[in-house]
Amino acid sequence: MSGDRLAGIDTRLYLVTDTAQCAGAGRTVAETVRAAVTGGAGVVQVRDKDIDDAEFLVLTREVITAVTEATAGTDRRVPVFLNDRVAVARRLLDEGSDVHIHVGQTDTPVAEVRDLLGDGPLVGLSAAEPEEFATAQETGGVDLVGIGPVFDTTTKTDAPAGIGPDRLGELTASAGIPAVAIGGIDAERAHELRGRGLVGICVVSAICRAEDPEQAAADLLDAFGDGTRKDGEQA
Ligand SMILES: Cc1ncc(COP(=O)(O)OP(=O)(O)O)c(N)n1
Ligand SMILES: Cc1ncsc1CCOP(=O)(O)O
Ligand SMILES: [Mg+2]
């Protein structure tokens, strides 16, 4: 694998979907994704721990359609990641869909993902320890790491406490792989993640629970900017 595999993708705002949160806000996942991508989200991950593979396949097809509709007539490339579910990803690739995958440390190992899906799809990996980045660099095949939780989160019930922006910055600096931060990020706190070496911020509830997901995406992007610190802003 070579070249800049994230070229043409605006990674600054990465939406991970939560079906129950979207439903609680009175919308489908697809409606939420369409609005968020219109508002500027540049990466989408389909995440649902409560449905089987057949339902996940249907959900992902709906998300792909929503992204296609939201980006029609533009040159935006907004990748759709699947949260684990390698078999569903294989099926969608075989159908000709352009899908990618995110795995955690206890999910399908990256080498196995590459064996099953080949070199085409982007692979994201969760990591929060220096040894995990070292392993990812040695093994290869990882395009993006998700570091977190940076702040405390209630969305992922088995998540540890947030590591905080300073520790996040240290990890990002040593990651050696483009990194996004995840966990407890909202438009009020996103500015704390500027200047931490990130290519983006990743949110669930800040968009899925929002009254207006298009506006929420725009507000998050405004707060994070291009990820660099504003003039005069302290860490
Ligand atoms: C971008 C991104 N980063 C981290 C995660 C967390 O993945 P994982 O540790 O596998 O936990 P689950 O999401 O599977 O509960 C993520 N999903 N996305
Ligand atoms: C999937 C995941 N991985 C680490 S924290 C998290 C959930 C983030 O959700 P929220 O943005 O609502 O805190
Ligand atoms: Mg996982």
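How many Å separate a polar side-chain atom of D107 from an oxygen atom of ligand 1? The exercises below start there.

This is a predicted model, in which local features need pLDDT of at least 70 and side-chain atom pairs count only at pLDDT 80 or more, while totals for chains, interfaces and linings use all residues. Residues are numbered from 1 along each chain as its sequence is written, chains are lettered from A and ligands numbered from 1 in the order in which they are written, and side-chain values use heavy atoms, with hydrogens and water left out.

**Exercise 1. Describe the surroundings of ligand 1 and its polar contacts.**

Step 1. Begin with the shell: 13 residues surround ligand 1, and R47, K49, D107, S126 and K156 are the closest. A residue belongs here if one of its heavy atoms lies within 4 Å of the ligand.

Step 2. Sort the shell by class: three residues are nonpolar, six polar and four charged. Ala, Val, Leu, Ile, Met, Phe, Trp, Tyr, Cys and Pro count as nonpolar, Asp, Glu, Lys and Arg as charged, and the others, Gly among them, as polar.

Step 3. Now look for polar contacts (pairs of N or O atoms within 3.5 Å; within protein, one must be able to donate a hydrogen and the other to accept it, and residues adjacent in sequence count only if both atoms are side-chain atoms). For D107, the distance from a polar side-chain atom to an oxygen atom of ligand 1 is 2.9 Å. The corresponding value is 3.1 Å for N83 and 2.8 Å for S126.

Step 4. Finish with cover: the protein hides 88% of the 430 Å² of accessible area that ligand 1 has on its own. Such areas come from the Shrake-Rupley method with a 1.4 Å probe; for residues, only the protein chains shown count as cover.

**Exercise 2. Do likewise for ligand 2.**

Step 1. Around ligand 2 you will find R47, T153, T155, K156, I182, G183, G184, V203, V204 and S205. By class, three are nonpolar, five polar and two charged.

Step 2. A polar side-chain atom of T155 is 2.5 Å from an oxygen atom of ligand 2, and a side-chain N or O atom of S205 is also 2.5 Å from an oxygen atom of this ligand. G184 takes part through its backbone, with a polar atom 2.7 Å from a ligand 2 oxygen.

Step 3. Of the 370 Å² of accessible area that ligand 2 has on its own, the protein covers 92%.

**Exercise 3. Place both ligands in a pocket and describe its lining.**

Step 1. Ligand 1 takes up space in the largest pocket, and ligand 2 sits in the largest pocket too. A molecule sits in a pocket if more than half of its atoms lie within 2 Å of its grid points.

Step 2. The volume of this pocket is about 1,100 Å³. Its lining has 44 residues, with R47, N83, S126, K156 and D158 closest to the centre.

Step 3. By class, the lining holds 16 nonpolar, 18 polar and 10 charged residues. The largest share, three residues, comes from α1.

**Exercise 4. Find the unusual backbone geometry.**

Step 1. Recall that most residues other than glycine have a negative phi, and most peptide bonds are trans.

Step 2. G148 and P149 are joined by a cis peptide bond, with omega about 0°.

Step 3. D84 is not a glycine, yet has a positive phi of about 55°. R85 likewise has a positive phi, near 55°.

Note on methods. 1 Å grid on protein atoms, 1.4 Å probe; cavity = no way out; pocket = protein on both sides within 12 Å on 5 of 7 lines; lining within 4 Å. Points joined across faces, edges and corners; volume = space filled by probe spheres on them. Helix = DSSP H or I, 4+ residues; strand = E, 2+ residues; numbered from the N terminus.
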